[in-house]
Amino acid sequence: MKKVKIIIICLIALVVIGGLAFVIIKNINTEDKQTLDVSITDEQGKEAELNLNSDKILVIYFSETGNTQKLAKLISDKVGGDFVRIETEKVYPEDYDELVDDAKKEKDNNDRPKLKELNINLENYDTIFVGYPIWWYQMPMAMYTFFDNYDFANKTIIPFNTHEGSGSSGTYEDIQKLEPKAKVLEGLPIRGGDMTSDQSNKVDNWLKNLDI
Ligand SMILES: Cc1cc2nc3c(=O)[nH]c(=O)nc-3n(C[C@H](O)[C@H](O)[C@H](O)COP(=O)(O)O)c2cc1C
């Protein structure tokens, strides 16, 4: 009887926590909506601001509302190399609530949304910074497509992400599982809302401690 009670309490807690999480995600960002900055475009062969051992660097990112794009650009300007945006063929809803619902469906269906052609040859790089937002406590499904499409064996992957409270949500470990032959270094999670202020110091400190 006691066991049944515990199971019922756990089930109720799960429903309440799940419902709460849904409400929180739904309400993130709706008032202070950012968008992608169209003046930030892909770039090739940039000089690094910092002194790094590796000169075959790619910074690649997925971003819908602009936060990860800003962080990616900041990192790219510091580490140099090539700078590329991952885009899906499908267009996500502009309405935030619809985007949240759409992303949930993609996650529940374990979808692999098709990506627009990326003009990259991984052979040209040995260090790849990969950025994305957290969507529903994990990487957006488009990132799973990305990792399905490319083989990162013997490459160094350095993840970074934006979020509104979930941190990295275990995604760096997820990437290591998806790319077991890659070396995945310590990533950098930053709150999307913090991207309205300068995050240079945080990025510099993180880069300093990476073995690159
Ligand atoms: C569909 C969707 C789901 C989200 N899920 C989470 C989440 O589970 N945890 C979290 O902390 N933030 C979540 N967020 C907030 C985003 O991670 C955050 O706003 C991020 O900075 C957005 O990045 P972007 O502007 O580069 O698209 C979600 C946002 C969206 C649009």
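**Close-up 1. The busiest spots in the largest nonpolar core.** In this predicted model, the largest nonpolar core has 34 residues, and the ones touching the most other members are V59, I60, I75 and F129. Plenty of elements chip in: β2 (57-61), α2 (67-79), β3 (81-85), β4 (127-133), α4 (141-149), β5 (156-163), α5 (171-178) and β7 (188-191) each bring at least two residues to this core. As a rule of thumb, nonpolar side chains in soluble globular proteins tend to be buried together.

**Close-up 2. Zooming in on I60.** Who does I60 touch once its neighbours within four places in sequence are set aside? Look for V84, I86, I128 and V130, which are in contact with I60.

**Close-up 3. Strand β5, covered on both faces.** Eight of the eight residues in β5 are buried. One side carries T156, I158, F160 and T162, while I157, P159, N161 and H163 sit on the other, and both sets are buried.

**Close-up 4. β5 beside β4.** These two strands run parallel and are joined by seven bridges. To get your bearings, find P133, which stands opposite T162 in β5. Between the two strands the chain passes through α4, giving a right-handed β-α-β crossover from β4 to β5.

**Close-up 5. β5 with β6 and β7.** Strand β6 (residues 183-184) runs parallel to β5, with two bridges joining them; here T156 stands opposite K183 in β6. β7 also pairs with β5 in parallel, this time through four bridges. A handy landmark there is H163, standing opposite R191 in β7.

Conventions
Residues are numbered from 1 along each chain as its sequence is written. This is a predicted model: local features need pLDDT of at least 70, side-chain atom pairs count only at pLDDT 80 or more; totals for chains, interfaces and linings use all residues. A nonpolar core is a set of buried Ala, Val, Leu, Ile, Met, Phe, Trp, Tyr and Cys residues joined through C-beta atoms within 7 Å. A residue is buried if 20 or more other C-beta atoms lie within 10 Å of its own, exposed if 12 or fewer, and partly exposed in between; C-beta atoms are placed from the backbone. Two residues are in contact if their C-beta atoms, placed from the backbone, lie within 7 Å. Two strands pair if DSSP finds at least two bridges between them. A crossover is right-handed if, with the strands pointing away from the viewer, the path from the first strand over the helix to the second runs clockwise.
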